[in-house]
Amino acid sequence: MTSTMPMPGGEAVAAVSQNGRRPSEVYGPVGRSPWLDIDWREHQRWTIVHGQPVNTIDLGSGSPIVFVHGLTGSWPNWLEQLPVLAAEHRVIAMDLPGSGHSPMPRERISISGYARLLDGLFDELQIDSAAVVGNSMGGFVSAELAIAFPQRVERLALVAPAGLSTYHDPRATRALPALRRLEPALAACTAWGAANADAIARRPRLREVILGVLTSHPSLLGAPLTAELVRGGGGKPGFMQSLEANLDYHVRDRLSEIACPTLIVWGERDRVVTARDADVYAELIPGSRKVMFEDTGHLAMVERPAAFNALLKEFLSE
């Protein structure tokens, strides 16, 4: 596989095959990922935020970075980032209520409610402000946090955020009645997938079925990472409410209020949130910087971890 993709310095460079000599440019993890050698139980805690238990991962020390996953995701979406950035930072990831291991919230799920939860999480973790990195719905929530609680966000990295074309998206809106009827069956199917994540991850064709919409080349992601992605996203009770929250919340007219340095990252082959939204986000957020990854889908941090991590490190050091 040979293509070009933008790298941290902004230049387009030739990507090489998985067996080439430039691992920062290949697709998927390179070598043995650091997260495989961490006992994550040592870094897990239940954080009570506004009476809500939130499954939280907290490791490292230094200036904090908070990672926010998207719809159908969970904290392991950031496995390729957490140990790498923990070498110089305190890194925090959580399961948003209704996702991963965090139970459903008392109130109905909303983008503004998730932003308030993050504000409360900062208080509970004794963090005044942090760099915030969000993907998809997590990017939407992170943008809302930067607008509603600007004192919390020092730097903002948005990875294929929802919030623009997803607002009242006609295709998703038309599908909602059927999805509501099928919700129990969908939950059962994804729960089965989560329970059989290791077996699914060992079979390339099943990887294509499970992750083919989210990523460009599921077969290249490797079985360990695939298993964690599948396990973290299956059968969670907050899916429908979170989907509706993405469709119903309007943020376009408020994006100009984001005052912190902002990085916008997108995969050019994103089939979940159109890459055309990258230009709109870049136009609406003052002084923001846009980076596009070629031959990459909705999960740039999973699909291009080495290049993504280098880009994020550069952004944090500016």
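Q: Is Arg155 buried or exposed, and how is that decided?
A: A residue counts as buried when its relative accessible area is under 20%. In this predicted model, Arg155 has a relative accessible area of 16% and is therefore buried. Arg155 is found in strand β8.

Q: Which residues is Arg155 in contact with, once its neighbours within four places in sequence are left aside?
A: A contact requires heavy atoms within 4.5 Å. By that criterion Arg155 is in contact with Ala130, Ala131 and Val132, with Cys260 and Pro261, and with Phe315, Leu316 and Glu318. A separation in sequence can also be set beside a separation in space: Arg155 and Leu263 are 108 residues apart along the sequence, and their C-alpha atoms are 8.2 Å apart.

Q: What share of the contacts in the protein chain joins residues 24 or more positions apart?
A: Among contacts with a separation of 6 or more, residues 24 or more positions apart account for 72%. Burial can likewise be read for the whole chain, where buried residues make up 55% of the 318 residues.

Q: Why is the radius of gyration of the protein chain said to agree with a compact globule?
A: The radius is set against the value expected for a globule with the given number of residues. For 318 residues that value is near 20 Å, and the protein chain has 18 Å, so the two agree. Along its principal axes the C-alpha trace spans about 50 × 45 × 45 Å. The chain has eleven helices and ten strands. Its accessible surface comes to about 13,500 Å², and 53% of this belongs to carbon and sulfur atoms.

Q: Where do Ser136 and Arg304 lie, and are they buried or exposed?
A: The position in a secondary-structure element or loop is read separately from the accessibility. Ser136 lies in the loop between β7 (130–135) and α3 (137–148). With a relative accessible area of 9%, which is under 20%, Ser136 is buried. Beyond its neighbours within four places in sequence, Ser136 is in contact with Gly70, Val159, Ala160, Pro161, Ala162 and His298. Arg304 lies in the loop between α10 (300–303) and α11 (305–317), and its relative accessible area of 1% makes Arg304 buried. The C-alpha atoms of Arg304 and His69 are separated by 16 Å, with the two positions 235 residues apart along the chain.

Q: Which sign does phi have in His50 and in His168?
A: Most residues other than glycine have a negative phi. His50 has a positive phi of about 55° although it is not a glycine. The phi of His168 is positive as well, near 50°. His50 lies in the loop between β3 (44–49) and β4 and is exposed, with a relative accessible area of 56%. His168 is placed in the loop between β8 (153–159) and α4 (170–195); at 45% relative accessibility, His168 counts as partly exposed.

Q: How many residues line the second largest pocket, and which lie nearest its centre?
A: A pocket is described by its volume, its lining and the elements that supply the lining. The second largest pocket has a volume of about 280 Å³. Its lining has 17 residues, of which Asn55, Trp75, Pro76, His101 and Glu228 lie nearest the centre. Both β4 (52–60) and α7 (223–233) supply at least two lining residues, and the largest share, three residues, comes from α7. By class, the lining has five nonpolar, six polar and six charged residues.

Definitions and conventions. Residues are numbered from 1 along each chain as its sequence is written. This is a predicted model: local features need pLDDT of at least 70, side-chain atom pairs count only at pLDDT 80 or more; totals for chains, interfaces and linings use all residues. Side-chain values use heavy atoms; hydrogens and water are left out. On a 1 Å grid over the protein atoms alone, a cavity is a set of points where a 1.4 Å probe fits but cannot get out, and a pocket is an open set with protein on both sides within 12 Å along at least five of seven lines; lining residues have an atom within 4 Å of a point. Grid points are joined across faces, edges and corners, and a volume is the space filled by probe spheres set on the points. Helices (H or I, at least four residues) and strands (E, at least two) are DSSP runs, numbered from the N terminus. Ala, Val, Leu, Ile, Met, Phe, Trp, Tyr, Cys and Pro count as nonpolar, Asp, Glu, Lys and Arg as charged, and the others, Gly among them, as polar. The radius of gyration is taken over C-alpha atoms; the globule rule is 2.2 Å times the number of residues to the power 0.38. Buried means under 20% relative accessible area, exposed over 50%, partly exposed in between (1.4 Å probe, protein chains only). Accessible areas come from the Shrake-Rupley method with a 1.4 Å probe; for residues, only the protein chains shown count as cover.
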